[in-house]
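Hello,

Please find the structure below. My notes on it follow.

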Amino acid sequence: MNKSTIVVGGGIAGMTAAGELSRLGVEVTLVEQEQISGGHAACWDRLFPTRRPAEEVISFLREQTDSKVNTFSGRPVTEILHHESMFTATLSDGTILRGESLVLATGYDLFDASRKEEYGYGIYDNVITSAELEGWFKNHQPVRTKNGRIPSRVAFIHCVGSRDEKVGNLYCSKVCCITGVKQAIEVKEALPACDVYSFYMDLRMFDRNFEELYFEAQKNYGINFIRGRLSECSENEDHTLVVKTEDTLTGKPMKMIVDLVVLLVGFVPRSQNTQMLLKLKLITGNDGFLQPEDEHNGDNLTRIPGLFITGAVKGPVTIANAVADARATALQVYSFLHSNR
Amino acid sequence: MINFNLFVLPFSLGLLYLILKIGKDWYKWITTLSPVDKVKFTSGIRNPIQILISLKEVFFEVLIHRKMWKRNPLLGYMHMSFALGWFLLIVLGNIESRFYSGTHLNAPYYPIFLKFFIHDKLVIFFEVYAVPRFFRFIMDLLLLYILSGLLLAFLKRKKSKWFGMKQVTRYQLTDHVALTTLWLIFPMRLLAESFTAGYYGSGGGFMTQPLGNFLTWIVPLPTDLVAYTMWWGYSLVLGIFFVTLPYSRYMHIPTEVLLIFFRNFGIKPKKWYSGYSDTEVHSCSRCGVCLDICQMNLAGIHDSQAVYFIRDVRDKYVSEQISRKCLVCGRCQEVCPVGIHSDSLRLIKRRELSSGQDADYSFVSVSTVRTAEVVYFSGCMSHLTPSIIRSMKGIMEVAGVSYLHLDENRSICCGRPLMLAGKDRQAHDLVEFNKKLIRDARAGILVTSCPICYRVFKEEYNLPIRIQHHAQFLLELVRSGKIPLQSMHRRIIYHDPCDLGRGSHVYEAPRELLGKFSDLLISKEEKNNALCCGGSLGMFEADHQQRDLMTNGALDSLLTFGPEILATSCPLCKKTFGKMNRVPVKDLAELVFESIPDGRIRSASGSVSVPFHPELSSEAESI
Amino acid sequence: MKDFGYQAHRDNTIDFEKNDFRIARFLLEREPSLNLCIGCGSCTGTCSTGHFTEFNIRKIHTLIKRGDTEMARKQIRQCMFCGKCQLICPRGINLRNVILGINRALEKI
């Protein structure tokens, strides 16, 4: 085998890296545990901040990989081993893949919202996650309460499972702020009569055109932003919800009855990684995500030569940044394969 | 024959001082008992049966050290050799000395230094008789017995693991002086007696005589002078030990006797410091048994364990910080061989040190809207675990119980969190508000989902109705067939919340309840030895990382046998364990609710609540 | 500092040159986690006392950190100590100890 690499994970980062490496003439094997590639992004309807369809991005990447890259889908990797500068990836059906280098692009899991019990996810009918709402949009499902009513008031709750010592996640998930703004606009578009409230601690509009979307949400859609983190939620007899918080800008405790609560769930490290990477003894940060060798000059490298990490396996990242990161990774892999090892 | 020599003075003066000092302390402690306890004490000492019971306990605990034996045989042997060995040495020494002096009125030092006074040649006469030979044998045997214990005590400081202990207590100066002199007493006695026997060539037992002969042979000094010096040394170490004893941990020896009497007279810890507290504090032997079991070790806290806290109380130097650096989980009380109520003492100090700030709860308005058979008080914390509340409501609907959720929208705290901060006076107001609300509901039972509330309802509220934690309430509902359960075949481990388990002794109800629908596993540390979840409201001085370390420690123990679900019966435990995301954590109420067949829940929802009459069986009361 | 006696008009400004930071220093030394606050309001939103009255623990300790103890003096005695605020705080602040510290500070300083 000559100049070969295995890319584990067929999400945005994995597909990008696989496509780029293939164009550079490297023999690439891409492994994706689901039948359909695209990762979390495949569940998205439209992307922030421009609200272009997610499908556009994914089909571009599929063109780069389909028929050019040897792809194994529908089978998760159970174990990765490194022996005498060769990598071995074992799939769940027993298939064994070998390569001179390996790119880990296994991404992230969504935070399990039921861990924030006081928010009532899984307990009350009308508490959903941002991922579920995105799924409704994608499947052209109308925004309705569980018993089919058109909600007249919807609350978006920011930072669910992120920046929260009480679930052990001190980090910021970066994309939820802008996701919340995008989805608030979309709810308002779907239901112009509905009042939409966003409960936030900070709105981190860090990337290009993010702040502008926030501006637009206020100016054109009348989204209400309330600076207060949700404390607790209770359910009325009619299955409407009471959200309790402090309106910190007026300094008063606040109660509001809403028909639908959307929890903006953050990123958590993939639980499956633990077993898969056990033998490689990779270093994780305090946040549980994989730690690169050098956060500036080697942010795709690991302690094992030939093993690269890219995308959300290193922590929360936007799609645009995951693409850029994966391209950089491809270059790193290429120069590794062509170096005198 | 004048049985006196100058060297007996250090011993005699030391002993006199000790007796006077103990007398003074005991007098002070007895007279500063609370008025109720004073009555108990005066009637107790007039009751021969109580005296006999106390003496029996003194024999088993102070001399035999039964609890130490149960803990670790080596530890038991060590303590018993010192206590029983020395005690018998004194008693038999007295009897032996009477045999020689022919009088019952010996000076106190006479039996102690007997071998010095009876070395004259006439005594050889007694060598041929069985009785003096028996005494010589038995006294040497006792000395050997104590010396073997001494060897173990020495080893314990070096190899504490052999004694089932990882840590040993850090001592103070007085402790070191007392310890050193105590350890020297018996070797000095051995040397003094041996040299004397060696010099005179008779008078020793199976150990002292050959040893004396040997020493006389190898020591190139005038043996009579060496022997005399040894007697001085023996007397001096005894004297110094007696004088330092009241200021060292060894004060526990006489004090524990008084404590046993107090306890058998029915005297219990009070809310404020009294003579009883003093007695408990001075009964602490600083054995260090409470060190290893303390979960604060995991958080790197090593200065506030019960033994150090009690030492600080005794030295009248307790910082506010130390008093508040404790989970108040009660594990140390459970293992204390002396039975010191260290949690009560901790709370007493918190009360003393609490700031004088009064509370102002005038904002609370109390009015109950309606009456019901069951008053359900979910507790403040349960509002952050709504699944518990929903399950309880669902179950009560299925069972057809008419209930009033007292703190559904606004909760008045039960008061225990204030009490744990030493603010009992302020808590009183809240207790009164809640009592009024509960009384107005005219219910037969008060059910709560929170062990913290349950304990304070039981201990402080004095309510004329039944009080149940939902573990007990649900068990009764299941027993009476009001809620049908289907087995869930899950491997469940149960965690005892501190205030429900050790605090209120409710161990069996939750286990019986879980056993009805799941495969309940046995836990490594359970019931009165259960670990605290780490979230305790009694702890003020641990940051979240320290708490996490304690929580993970408890989880390590609970997950040993690989349960699928960790069950508990406290919203605070649930939240605390849930944070770690290591195992699904569920409350008993949730598990019961999940085990009710679906059909029953549907048919019950929307139905009108019917009055509920609990079966008041004696069995149910005892859970 | 010279005591000017009774002030007819209370200045609404948080004046760092005039305010008294002794209580803030005492508190932060006693419970350093107080400095972790990001003012999210979770504590106040869940507060058992706050459901009855205008007691606002976040404002109380934030104002103390700005050298203004008036609100603390008026309100801190209303806390019921239930601990919900601490159980919900996303920054892991040891809030019950903060409140004990405020009690102590107001008494001592």
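In this predicted model, chain B puts 37 residues in contact with 30 residues of chain C. The two chains bury about 2,800 Å² between them, and carbon and sulfur atoms carry 57% of that. On the chain B side, look at B:Gln357, B:Phe363 and B:Phe540. They supply 21% of the area that chain B buries against chain C, more than any other three residues.

Now the polar side of this interface. There are two salt bridges between chain B and chain C. One pairs the side chains of B:Glu320 and C:Arg104, at 3.0 Å from N to O. Polar contacts link 11 residue pairs across the interface, both residues at pLDDT 80 or more. Four helices of chain B, α17 (320-324), α21 (416-420), α26 (544-558) and α27 (571-580), each give at least two residues to the side that touches chain C. By type, that side of chain B has 19 nonpolar, nine polar and nine charged residues.

Next, chain C against chain A. Here 21 residues come from chain C and 20 residues from chain A. The buried area is about 1,500 Å², with 45% from carbon and sulfur atoms. C:Cys40, C:Ile88 and C:Pro90 lose the most area to chain A within chain C; together they make up 29% of what that side buries.

Chain C and chain A also share two salt bridges. In one of them, the side chains of C:Arg58 and A:Glu246 meet at 2.6 Å, N to O. The interface has 17 residue pairs in polar contact, again with both residues at pLDDT 80 or more. From chain C, α2 (42-46), α3 (57-65) and α5 (84-88) each bring at least two residues to the side that touches chain A. That side of chain C divides into six nonpolar, 11 polar and four charged residues.

Last, a sheet in chain A. Three strands form an open sheet in the order β13-β14-β15, with antiparallel pairing. Why do β13 (232-235) and β15 (252-258) of chain A each have one side without a neighbour in the sheet? Both stand at the edges with a single partner strand, so one side of each is left free of a neighbour there. On average, neighbouring strands of this sheet are turned by 25° against each other, direction ignored. Strand β14 (residues 241-247) of chain A pairs with β13(A) over four bridges, in the antiparallel sense. A:Cys233 has A:Val243 in β14(A) as its bridge partner.

Best wishes

How values were computed. Residues numbered from 1 in each chain as written. Chains lettered and ligands numbered in written order. Predicted model: local features only at pLDDT ≥ 70, side-chain atom pairs only at ≥ 80, totals over all residues. Heavy atoms only, no water. Pairing = 2+ DSSP bridges. Axes fitted to C-alpha atoms, helices over the stretch in contact; angles between N-to-C directions. Contact = heavy atoms within 4.5 Å. Buried area = accessible area lost by both parts, 1.4 Å probe. Salt bridge = Lys/Arg side-chain N within 4 Å of Asp/Glu carboxyl O. Polar contact = N/O pair within 3.5 Å; in protein donor to acceptor, adjacent residues only side chain to side chain. Nonpolar A, V, L, I, M, F, W, Y, C, P; charged D, E, K, R; others polar.
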